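This briefing looks at two places in a protein–DNA model: the largest pocket, and the protein surface near one DNA strand.

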Protein chains: 2
Amino acid sequence: MDGVKVDGRVERGEQTRRQILRRAAEIASVEGLEGLSIGRLAGELEVSKSGVFAHFGSKEELQLATVRAAAAIFVRQVVDPALVEPPGLGRLTRLMDGWLAYSQNRTFPGGCFFYAVQAEFDARPGRVRDAIAGYAREWNTYVRETVAAIPEVADPEQVAFELIAFLEMANAQSVLHDDPHAYDRARAAVRNRVAQATAAA
Amino acid sequence: MDGVKVDGRVERGEQTRRQILRRAAEIASVEGLEGLSIGRLAGELEVSKSGVFAHFGSKEELQLATVRAAAAIFVRQVVDPALVEPPGLGRLTRLMDGWLAYSQNRTFPGGCFFYAVQAEFDARPGRVRDAIAGYAREWNTYVRETVAAIPEVADPEQVAFELIAFLEMANAQSVLHDDPHAYDRARAAVRNRVAQATAAA
DNA sequence: AAACTAATTGTACGATCGTTCGTACAACTT
DNA sequence: AAGTTGTACGAACGATCGTACAATTAGTTT
(Lines give C-alpha, C1' and ligand atoms only; values in the text may rest on other atoms or scores of the structure.)
Protein backbone atom coordinates (compact mmCIF):
# COMPACT_ATOMS: atom_id res chain seq x y z
CA MET A 1 0.00 0.00 0.00
CA ASP A 2 2.72 2.41 0.89
CA GLY A 3 5.30 3.69 -1.60
CA VAL A 4 8.17 2.64 0.60
CA LYS A 5 11.02 0.96 -1.27
CA VAL A 6 11.68 -2.54 -0.09
CA ASP A 7 14.42 -3.30 -2.60
CA GLY A 8 17.70 -2.83 -0.80
CA ARG A 9 19.60 -2.45 -4.05
CA VAL A 10 17.76 0.58 -5.34
CA GLU A 11 17.71 1.97 -1.82
CA ARG A 12 21.47 1.80 -1.75
CA GLY A 13 21.58 3.30 -5.23
CA GLU A 14 19.44 6.23 -4.26
CA GLN A 15 21.61 6.91 -1.27
CA THR A 16 24.83 7.05 -3.28
CA ARG A 17 22.98 9.17 -5.82
CA ARG A 18 22.08 11.62 -3.08
CA GLN A 19 25.68 11.68 -1.89
CA ILE A 20 26.89 12.31 -5.42
CA LEU A 21 24.49 15.20 -5.94
CA ARG A 22 25.26 16.75 -2.58
CA ARG A 23 28.95 16.80 -3.34
CA ALA A 24 28.31 17.86 -6.94
CA ALA A 25 26.37 20.92 -5.79
CA GLU A 26 29.14 21.84 -3.39
CA ILE A 27 31.80 21.58 -6.07
CA ALA A 28 29.70 23.42 -8.64
CA SER A 29 29.15 26.35 -6.29
CA VAL A 30 32.92 26.84 -6.33
CA GLU A 31 34.11 25.56 -9.69
CA GLY A 32 30.94 25.81 -11.73
CA LEU A 33 28.91 23.10 -13.41
CA GLU A 34 31.49 22.74 -16.17
CA GLY A 35 34.42 22.68 -13.79
CA LEU A 36 32.60 19.83 -12.11
CA SER A 37 34.14 16.78 -13.78
CA ILE A 38 32.93 13.24 -13.37
CA GLY A 39 36.42 11.95 -12.71
CA ARG A 40 37.09 14.43 -9.97
CA LEU A 41 33.69 13.87 -8.41
CA ALA A 42 34.36 10.15 -8.34
CA GLY A 43 37.80 10.70 -6.87
CA GLU A 44 36.53 12.82 -4.00
CA LEU A 45 33.72 10.41 -3.22
CA GLU A 46 36.08 7.43 -3.55
CA VAL A 47 33.87 5.63 -6.02
CA SER A 48 34.53 4.67 -9.61
CA LYS A 49 34.14 7.12 -12.44
CA SER A 50 31.87 4.77 -14.31
CA GLY A 51 29.79 4.30 -11.19
CA VAL A 52 29.09 8.00 -11.03
CA PHE A 53 28.48 8.16 -14.75
CA ALA A 54 26.03 5.26 -14.70
CA HIS A 55 23.72 7.20 -12.40
CA PHE A 56 23.11 9.92 -14.95
CA GLY A 57 24.08 8.68 -18.40
CA SER A 58 25.61 11.94 -19.50
CA LYS A 59 27.32 14.96 -18.12
CA GLU A 60 24.41 17.20 -19.02
CA GLU A 61 22.04 14.95 -17.10
CA LEU A 62 24.37 15.14 -14.10
CA GLN A 63 24.35 18.91 -14.32
CA LEU A 64 20.56 19.01 -14.53
CA ALA A 65 20.21 16.67 -11.55
CA THR A 66 22.67 18.82 -9.62
CA VAL A 67 20.65 21.95 -10.32
CA ARG A 68 17.48 20.20 -9.17
CA ALA A 69 19.16 18.97 -6.01
CA ALA A 70 20.46 22.45 -5.23
CA ALA A 71 17.00 23.91 -5.79
CA ALA A 72 15.55 21.48 -3.27
CA ILE A 73 18.15 22.54 -0.71
CA PHE A 74 17.44 26.19 -1.43
CA VAL A 75 13.70 25.74 -0.96
CA ARG A 76 14.16 23.88 2.30
CA GLN A 77 16.59 26.46 3.64
CA VAL A 78 15.12 29.73 2.39
CA VAL A 79 11.57 29.42 1.10
CA ASP A 80 10.00 26.98 3.55
CA PRO A 81 11.03 28.72 6.79
CA ALA A 82 9.41 31.95 5.59
CA LEU A 83 6.10 30.18 5.04
CA VAL A 84 5.52 29.88 8.78
CA GLU A 85 4.85 33.62 8.77
CA PRO A 86 1.51 34.78 7.41
CA PRO A 87 1.70 36.73 4.15
CA GLY A 88 2.77 40.30 4.69
CA LEU A 89 5.70 42.27 5.98
CA GLY A 90 6.68 39.58 8.45
CA ARG A 91 7.03 36.92 5.76
CA LEU A 92 9.07 39.19 3.54
CA THR A 93 11.44 40.04 6.36
CA ARG A 94 11.80 36.39 7.19
CA LEU A 95 12.49 35.59 3.55
CA MET A 96 15.20 38.22 3.19
CA ASP A 97 16.87 37.22 6.44
CA GLY A 98 16.66 33.58 5.48
CA TRP A 99 18.35 34.22 2.16
CA LEU A 100 21.16 36.22 3.69
CA ALA A 101 21.70 33.53 6.30
CA TYR A 102 21.71 30.87 3.57
CA SER A 103 24.43 32.75 1.75
CA GLN A 104 26.39 33.80 4.81
CA ASN A 105 26.54 30.43 6.53
CA ARG A 106 27.81 28.91 3.29
CA THR A 107 25.23 26.24 2.80
CA PHE A 108 27.24 25.82 -0.38
CA PRO A 109 30.95 26.48 0.09
CA GLY A 110 31.08 28.89 -2.85
CA GLY A 111 28.17 30.99 -1.57
CA CYS A 112 24.82 30.96 -3.34
CA PHE A 113 24.75 28.05 -5.77
CA PHE A 114 22.45 29.82 -8.18
CA TYR A 115 24.50 32.97 -8.32
CA ALA A 116 27.44 30.89 -9.49
CA VAL A 117 25.68 28.80 -12.11
CA GLN A 118 23.51 31.65 -13.37
CA ALA A 119 26.54 33.67 -14.32
CA GLU A 120 28.10 30.57 -15.85
CA PHE A 121 25.20 29.58 -18.09
CA ASP A 122 23.30 32.79 -18.68
CA ALA A 123 24.80 33.38 -22.12
CA ARG A 124 24.82 29.88 -23.61
CA PRO A 125 21.90 27.89 -24.94
CA GLY A 126 20.89 24.47 -23.72
CA ARG A 127 18.79 22.54 -21.27
CA VAL A 128 20.94 23.44 -18.28
CA ARG A 129 20.52 27.14 -18.91
CA ASP A 130 16.78 26.66 -19.37
CA ALA A 131 16.51 24.84 -16.06
CA ILE A 132 18.46 27.54 -14.25
CA ALA A 133 16.41 30.28 -15.89
CA GLY A 134 13.24 28.47 -14.85
CA TYR A 135 14.24 28.36 -11.20
CA ALA A 136 15.34 31.98 -11.35
CA ARG A 137 11.94 32.93 -12.67
CA GLU A 138 10.22 30.99 -9.92
CA TRP A 139 12.30 32.80 -7.35
CA ASN A 140 11.56 36.20 -8.87
CA THR A 141 7.88 35.42 -8.91
CA TYR A 142 7.86 34.24 -5.35
CA VAL A 143 9.62 37.33 -4.06
CA ARG A 144 7.32 39.59 -6.06
CA GLU A 145 4.22 37.90 -4.69
CA THR A 146 5.57 38.06 -1.18
CA VAL A 147 6.07 41.78 -1.63
CA ALA A 148 2.67 42.16 -3.28
CA ALA A 149 1.01 40.71 -0.20
CA ILE A 150 1.90 43.91 1.63
CA PRO A 151 -1.00 46.21 0.81
CA GLU A 152 0.88 49.51 0.97
CA VAL A 153 3.41 48.63 -1.73
CA ALA A 154 2.64 50.29 -5.03
CA ASP A 155 5.02 48.51 -7.42
CA PRO A 156 5.90 45.02 -6.14
CA GLU A 157 7.82 44.05 -9.25
CA GLN A 158 10.16 47.02 -8.92
CA VAL A 159 10.66 46.42 -5.21
CA ALA A 160 11.33 42.73 -5.77
CA PHE A 161 13.91 43.59 -8.41
CA GLU A 162 15.76 45.84 -6.01
CA LEU A 163 15.59 43.49 -3.05
CA ILE A 164 16.97 40.56 -5.01
CA ALA A 165 19.69 42.84 -6.32
CA PHE A 166 20.77 43.59 -2.73
CA LEU A 167 20.88 39.91 -1.85
CA GLU A 168 22.99 38.89 -4.82
CA MET A 169 25.30 41.85 -4.35
CA ALA A 170 25.91 40.84 -0.75
CA ASN A 171 26.71 37.29 -1.80
CA ALA A 172 29.05 38.42 -4.56
CA GLN A 173 30.95 40.92 -2.43
CA SER A 174 31.20 38.58 0.50
CA VAL A 175 32.60 35.70 -1.50
CA LEU A 176 34.93 37.72 -3.69
CA HIS A 177 36.37 39.96 -0.97
CA ASP A 178 35.82 37.78 2.06
CA ASP A 179 33.89 40.67 3.51
CA PRO A 180 31.04 39.82 5.90
CA HIS A 181 30.20 43.54 6.06
CA ALA A 182 28.43 43.14 2.74
CA TYR A 183 25.58 41.37 4.52
CA ASP A 184 25.11 44.28 6.89
CA ARG A 185 24.94 46.59 3.94
CA ALA A 186 22.36 44.39 2.26
CA ARG A 187 20.28 44.24 5.43
CA ALA A 188 20.35 48.04 5.69
CA ALA A 189 19.41 48.36 2.03
CA VAL A 190 16.50 45.96 2.39
CA ARG A 191 15.25 47.70 5.53
CA ASN A 192 15.47 51.10 3.88
CA ARG A 193 13.73 50.03 0.70
CA VAL A 194 10.93 48.23 2.47
CA ALA A 195 10.41 51.22 4.74
CA GLN A 196 10.23 53.51 1.76
CA ALA A 197 7.77 51.26 -0.03
CA THR A 198 5.47 50.82 2.96
CA ALA A 199 5.42 54.53 3.85
CA ALA A 200 2.18 55.23 2.00
CA ALA A 201 1.49 58.78 0.99
CA MET B 1 63.15 60.64 -29.61
CA ASP B 2 59.68 59.16 -29.75
CA GLY B 3 58.75 55.77 -28.31
CA VAL B 4 57.22 54.61 -31.58
CA LYS B 5 58.08 51.05 -32.56
CA VAL B 6 59.97 50.90 -35.80
CA ASP B 7 60.44 47.14 -35.81
CA GLY B 8 57.74 45.73 -38.08
CA ARG B 9 58.02 42.30 -36.48
CA VAL B 10 57.10 43.31 -32.95
CA GLU B 11 54.50 45.66 -34.39
CA ARG B 12 52.87 42.73 -36.11
CA GLY B 13 53.20 40.68 -32.93
CA GLU B 14 51.48 43.29 -30.83
CA GLN B 15 48.67 43.49 -33.32
CA THR B 16 47.98 39.77 -33.28
CA ARG B 17 48.25 39.89 -29.51
CA ARG B 18 45.57 42.54 -29.43
CA GLN B 19 43.38 40.46 -31.71
CA ILE B 20 43.88 37.42 -29.51
CA LEU B 21 42.94 39.30 -26.37
CA ARG B 22 39.92 40.94 -27.96
CA ARG B 23 38.55 37.58 -29.01
CA ALA B 24 39.56 36.02 -25.71
CA ALA B 25 37.54 38.58 -23.77
CA GLU B 26 34.54 37.99 -25.99
CA ILE B 27 34.69 34.25 -25.51
CA ALA B 28 35.31 34.54 -21.78
CA SER B 29 32.25 36.74 -21.31
CA VAL B 30 30.17 33.84 -22.59
CA GLU B 31 32.06 30.68 -21.65
CA GLY B 32 34.19 31.94 -18.80
CA LEU B 33 37.95 32.18 -18.47
CA GLU B 34 38.22 28.43 -17.97
CA GLY B 35 35.95 27.61 -20.86
CA LEU B 36 38.30 29.72 -22.90
CA SER B 37 40.73 27.17 -24.35
CA ILE B 38 43.87 27.95 -26.28
CA GLY B 39 43.03 25.48 -29.01
CA ARG B 40 39.60 26.90 -29.60
CA LEU B 41 40.89 30.45 -29.50
CA ALA B 42 43.46 29.56 -32.13
CA GLY B 43 40.86 27.85 -34.27
CA GLU B 44 38.52 30.82 -34.29
CA LEU B 45 41.33 33.23 -35.08
CA GLU B 46 42.76 30.89 -37.71
CA VAL B 47 46.23 30.89 -36.25
CA SER B 48 48.21 28.03 -34.76
CA LYS B 49 47.69 26.87 -31.23
CA SER B 50 51.37 27.24 -30.48
CA GLY B 51 51.27 30.75 -31.89
CA VAL B 52 48.65 31.77 -29.38
CA PHE B 53 50.43 29.97 -26.60
CA ALA B 54 53.77 31.62 -27.38
CA HIS B 55 52.32 35.04 -26.68
CA PHE B 56 51.58 34.24 -23.06
CA GLY B 57 53.58 31.21 -21.99
CA SER B 58 50.80 29.73 -19.88
CA LYS B 59 47.07 29.61 -19.66
CA GLU B 60 47.03 31.57 -16.44
CA GLU B 61 49.02 34.34 -18.07
CA LEU B 62 46.55 34.40 -20.95
CA GLN B 63 43.70 34.70 -18.48
CA LEU B 64 45.42 37.55 -16.66
CA ALA B 65 46.11 39.36 -19.90
CA THR B 66 42.49 38.88 -20.93
CA VAL B 67 41.27 40.39 -17.67
CA ARG B 68 43.58 43.38 -18.14
CA ALA B 69 42.42 43.85 -21.72
CA ALA B 70 38.78 43.73 -20.66
CA ALA B 71 39.47 46.24 -17.92
CA ALA B 72 40.94 48.64 -20.46
CA ILE B 73 37.84 48.32 -22.63
CA PHE B 74 35.62 48.85 -19.60
CA VAL B 75 37.46 52.00 -18.59
CA ARG B 76 37.31 53.41 -22.09
CA GLN B 77 33.62 52.66 -22.44
CA VAL B 78 32.27 53.42 -18.98
CA VAL B 79 34.67 55.36 -16.80
CA ASP B 80 36.25 57.81 -19.23
CA PRO B 81 33.04 59.19 -20.75
CA ALA B 82 31.77 60.09 -17.29
CA LEU B 83 34.88 62.15 -16.59
CA VAL B 84 33.77 64.85 -19.02
CA GLU B 85 31.17 65.81 -16.43
CA PRO B 86 32.37 67.71 -13.36
CA PRO B 87 32.17 65.80 -10.08
CA GLY B 88 28.65 65.72 -8.71
CA LEU B 89 25.23 64.44 -9.63
CA GLY B 90 25.83 64.88 -13.34
CA ARG B 91 28.89 62.65 -13.33
CA LEU B 92 27.14 59.97 -11.33
CA THR B 93 24.20 59.94 -13.71
CA ARG B 94 26.53 59.75 -16.66
CA LEU B 95 28.40 56.88 -15.02
CA MET B 96 25.27 54.85 -14.33
CA ASP B 97 23.88 55.42 -17.82
CA GLY B 98 27.24 54.56 -19.32
CA TRP B 99 27.41 51.28 -17.46
CA LEU B 100 23.90 50.26 -18.45
CA ALA B 101 24.63 51.13 -22.07
CA TYR B 102 27.88 49.14 -21.90
CA SER B 103 25.95 46.11 -20.69
CA GLN B 104 22.93 46.58 -22.92
CA ASN B 105 24.75 47.14 -26.20
CA ARG B 106 26.74 43.96 -25.53
CA THR B 107 30.22 45.36 -25.73
CA PHE B 108 30.99 41.79 -24.73
CA PRO B 109 28.60 39.26 -26.22
CA GLY B 110 27.91 37.66 -22.86
CA GLY B 111 27.05 40.94 -21.17
CA CYS B 112 29.36 42.47 -18.60
CA PHE B 113 32.71 40.71 -18.73
CA PHE B 114 33.39 41.23 -15.06
CA TYR B 115 30.06 39.91 -13.91
CA ALA B 116 30.85 36.65 -15.68
CA VAL B 117 34.40 36.17 -14.46
CA GLN B 118 33.71 37.43 -10.94
CA ALA B 119 31.15 34.72 -10.37
CA GLU B 120 33.52 32.19 -11.92
CA PHE B 121 36.57 32.96 -9.80
CA ASP B 122 35.18 34.46 -6.63
CA ALA B 123 35.49 31.27 -4.62
CA ARG B 124 38.85 29.92 -5.79
CA PRO B 125 42.30 31.13 -4.88
CA GLY B 126 44.92 32.27 -7.34
CA ARG B 127 46.33 35.18 -9.25
CA VAL B 128 43.38 35.46 -11.61
CA ARG B 129 40.96 35.83 -8.76
CA ASP B 130 43.22 38.41 -7.13
CA ALA B 131 43.34 40.45 -10.32
CA ILE B 132 39.58 40.34 -10.70
CA ALA B 133 39.08 41.26 -7.06
CA GLY B 134 41.48 44.16 -7.50
CA TYR B 135 39.55 45.61 -10.41
CA ALA B 136 36.28 45.08 -8.57
CA ARG B 137 37.67 47.04 -5.63
CA GLU B 138 38.78 49.84 -7.92
CA TRP B 139 35.32 50.01 -9.42
CA ASN B 140 33.65 50.06 -6.01
CA THR B 141 35.95 52.82 -4.86
CA TYR B 142 35.37 54.88 -7.96
CA VAL B 143 31.59 54.66 -7.67
CA ARG B 144 31.74 55.48 -3.97
CA GLU B 145 33.87 58.55 -4.59
CA THR B 146 31.65 59.66 -7.40
CA VAL B 147 28.71 59.44 -5.04
CA ALA B 148 30.66 61.12 -2.26
CA ALA B 149 31.22 64.15 -4.47
CA ILE B 150 27.54 64.94 -4.11
CA PRO B 151 27.41 66.98 -0.91
CA GLU B 152 23.91 66.00 0.19
CA VAL B 153 24.59 62.27 0.36
CA ALA B 154 25.08 61.05 3.91
CA ASP B 155 26.41 57.50 3.37
CA PRO B 156 28.17 57.20 0.02
CA GLU B 157 29.40 53.67 0.67
CA GLN B 158 25.88 52.40 1.25
CA VAL B 159 24.53 54.22 -1.79
CA ALA B 160 27.34 52.91 -3.98
CA PHE B 161 26.62 49.37 -2.79
CA GLU B 162 23.01 49.67 -3.80
CA LEU B 163 23.64 51.34 -7.13
CA ILE B 164 26.14 48.70 -8.23
CA ALA B 165 23.68 46.06 -7.13
CA PHE B 166 21.09 47.51 -9.50
CA LEU B 167 23.52 47.52 -12.40
CA GLU B 168 24.63 43.93 -11.95
CA MET B 169 21.06 42.78 -11.44
CA ALA B 170 20.04 44.39 -14.71
CA ASN B 171 22.89 42.69 -16.53
CA ALA B 172 22.13 39.32 -14.99
CA GLN B 173 18.40 39.44 -15.69
CA SER B 174 18.86 40.76 -19.19
CA VAL B 175 21.32 38.09 -20.23
CA LEU B 176 19.63 35.16 -18.52
CA HIS B 177 16.06 35.97 -19.56
CA ASP B 178 16.71 38.00 -22.67
CA ASP B 179 14.71 40.74 -21.04
CA PRO B 180 15.64 44.34 -21.94
CA HIS B 181 13.05 45.52 -19.40
CA ALA B 182 15.59 44.84 -16.68
CA TYR B 183 17.51 47.93 -17.74
CA ASP B 184 14.45 50.10 -17.32
CA ARG B 185 13.98 48.71 -13.87
CA ALA B 186 17.58 49.42 -13.00
CA ARG B 187 17.30 52.98 -14.31
CA ALA B 188 14.19 53.53 -12.19
CA ALA B 189 15.93 52.05 -9.15
CA VAL B 190 18.97 54.28 -9.62
CA ARG B 191 16.83 57.38 -10.09
CA ASN B 192 14.78 56.61 -7.02
CA ARG B 193 17.78 55.86 -4.80
CA VAL B 194 19.69 58.93 -5.88
CA ALA B 195 16.63 61.09 -5.36
CA GLN B 196 16.19 59.66 -1.88
CA ALA B 197 19.85 60.24 -1.04
CA THR B 198 19.96 63.81 -2.27
CA ALA B 199 16.72 64.84 -0.60
CA ALA B 200 18.44 66.39 2.41
CA ALA B 201 16.45 66.68 5.62
C1' DA C 1 74.74 39.07 -48.84
C1' DA C 2 75.28 37.19 -44.27
C1' DA C 3 74.16 37.13 -39.54
C1' DC C 4 70.87 37.84 -36.37
C1' DT C 5 66.32 38.36 -34.11
C1' DA C 6 61.38 38.04 -33.26
C1' DA C 7 56.90 36.02 -34.48
C1' DT C 8 54.83 31.98 -35.93
C1' DT C 9 54.35 27.14 -37.04
C1' DG C 10 54.31 21.79 -36.78
C1' DT C 11 54.84 17.94 -34.19
C1' DA C 12 54.67 15.55 -30.10
C1' DC C 13 54.03 14.69 -25.07
C1' DG C 14 51.30 13.25 -20.86
C1' DA C 15 47.06 14.12 -18.55
C1' DT C 16 42.31 14.41 -18.33
C1' DC C 17 37.91 14.82 -20.42
C1' DG C 18 33.14 12.31 -21.39
C1' DT C 19 31.75 7.95 -22.86
C1' DT C 20 31.31 2.79 -23.88
C1' DC C 21 31.56 -1.91 -22.71
C1' DG C 22 31.93 -6.30 -20.41
C1' DT C 23 31.98 -8.05 -15.88
C1' DA C 24 31.33 -8.95 -10.74
C1' DC C 25 28.38 -9.23 -7.05
C1' DA C 26 24.62 -8.45 -4.03
C1' DA C 27 19.60 -8.54 -3.65
C1' DC C 28 15.16 -9.86 -5.20
C1' DT C 29 11.82 -13.22 -7.58
C1' DT C 30 10.20 -17.68 -8.74
C1' DA D 1 18.21 -23.50 -5.93
C1' DA D 2 18.05 -21.27 -10.17
C1' DG D 3 17.23 -17.20 -12.66
C1' DT D 4 16.71 -12.23 -12.95
C1' DT D 5 17.55 -7.46 -11.82
C1' DG D 6 20.23 -3.33 -10.33
C1' DT D 7 24.47 -1.16 -8.69
C1' DA D 8 29.20 -0.60 -9.09
C1' DC D 9 33.60 -1.59 -11.14
C1' DG D 10 37.99 -1.68 -14.27
C1' DA D 11 39.74 -1.07 -18.61
C1' DA D 12 39.82 1.14 -22.74
C1' DC D 13 38.09 4.46 -26.43
C1' DG D 14 38.91 8.93 -29.15
C1' DA D 15 39.10 13.75 -28.31
C1' DT D 16 40.91 17.70 -26.25
C1' DC D 17 43.37 19.94 -22.74
C1' DG D 18 47.90 22.75 -21.53
C1' DT D 19 52.63 22.57 -22.50
C1' DA D 20 57.40 21.81 -24.72
C1' DC D 21 60.65 22.30 -28.37
C1' DA D 22 62.76 22.37 -32.77
C1' DA D 23 62.01 24.21 -37.47
C1' DT D 24 60.45 27.93 -40.39
C1' DT D 25 59.27 32.45 -41.98
C1' DA D 26 59.68 37.43 -42.06
C1' DG D 27 62.03 41.63 -40.86
C1' DT D 28 66.32 44.11 -39.05
C1' DT D 29 71.03 44.95 -38.61
C1' DT D 30 75.74 44.63 -40.11
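Helices are DSSP runs of H or I with at least four residues, numbered from the N terminus. The model is a predicted one, and the points below take the largest pocket and then the surroundings of DNA strand D.

**The largest pocket**

- The largest pocket holds about 350 Å³ of space, and 21 residues line it, those nearest its centre being Phe74(B), Tyr135(B), Ala136(B), Glu138(B) and Trp139(B).
- α7(B) makes the greatest contribution to this lining, with 6 residues.
- At least two lining residues each come from α8 (156-177) of chain A and, in chain B, from α4 (59-82), α6 (113-121), α7 (127-148) and α8 (156-177).
- Sorted by class, the lining of the largest pocket comprises 15 nonpolar, 4 polar and 2 charged residues.

**Around DNA strand D**

- There are 22 residues around DNA strand D, of which Arg9(A), Ser50(A), His55(A), Ser37(B) and Lys59(B) come nearest.
- Of the strand D atoms within 4 Å of the protein, 64% belong to sugar or phosphate, while the rest belong to bases.
- By class, the surface near DNA strand D has 10 polar, 6 nonpolar and 6 charged residues.

**Phosphate contacts and contributing helices**

- A polar side-chain atom of His55(A) is 2.4 Å from a phosphate oxygen of DNA strand D, and a side-chain N or O atom of Ser37(B) lies 2.8 Å from a phosphate oxygen of that strand.
- In Ile38(B), a backbone N or O atom lies 3.1 Å from a phosphate oxygen of DNA strand D.
- Two or more residues of the surface near strand D come from each of α1 (8-35) and α3 (49-56) in chain A, and α1 (8-35), α2 (38-45) and α3 (49-56) in chain B, with α1(A) giving the most, 5 residues.

Notes: Residues numbered from 1 in each chain as written. Chains lettered and ligands numbered in written order. Predicted model: local features only at pLDDT ≥ 70, side-chain atom pairs only at ≥ 80, totals over all residues. Heavy atoms only, no water. 1 Å grid on protein atoms, 1.4 Å probe; cavity = no way out; pocket = protein on both sides within 12 Å on 5 of 7 lines; lining within 4 Å. Points joined across faces, edges and corners; volume = space filled by probe spheres on them. Nonpolar A, V, L, I, M, F, W, Y, C, P; charged D, E, K, R; others polar. Near = heavy atom within 4 Å. Polar contact = N/O pair within 3.5 Å; in protein donor to acceptor, adjacent residues only side chain to side chain.
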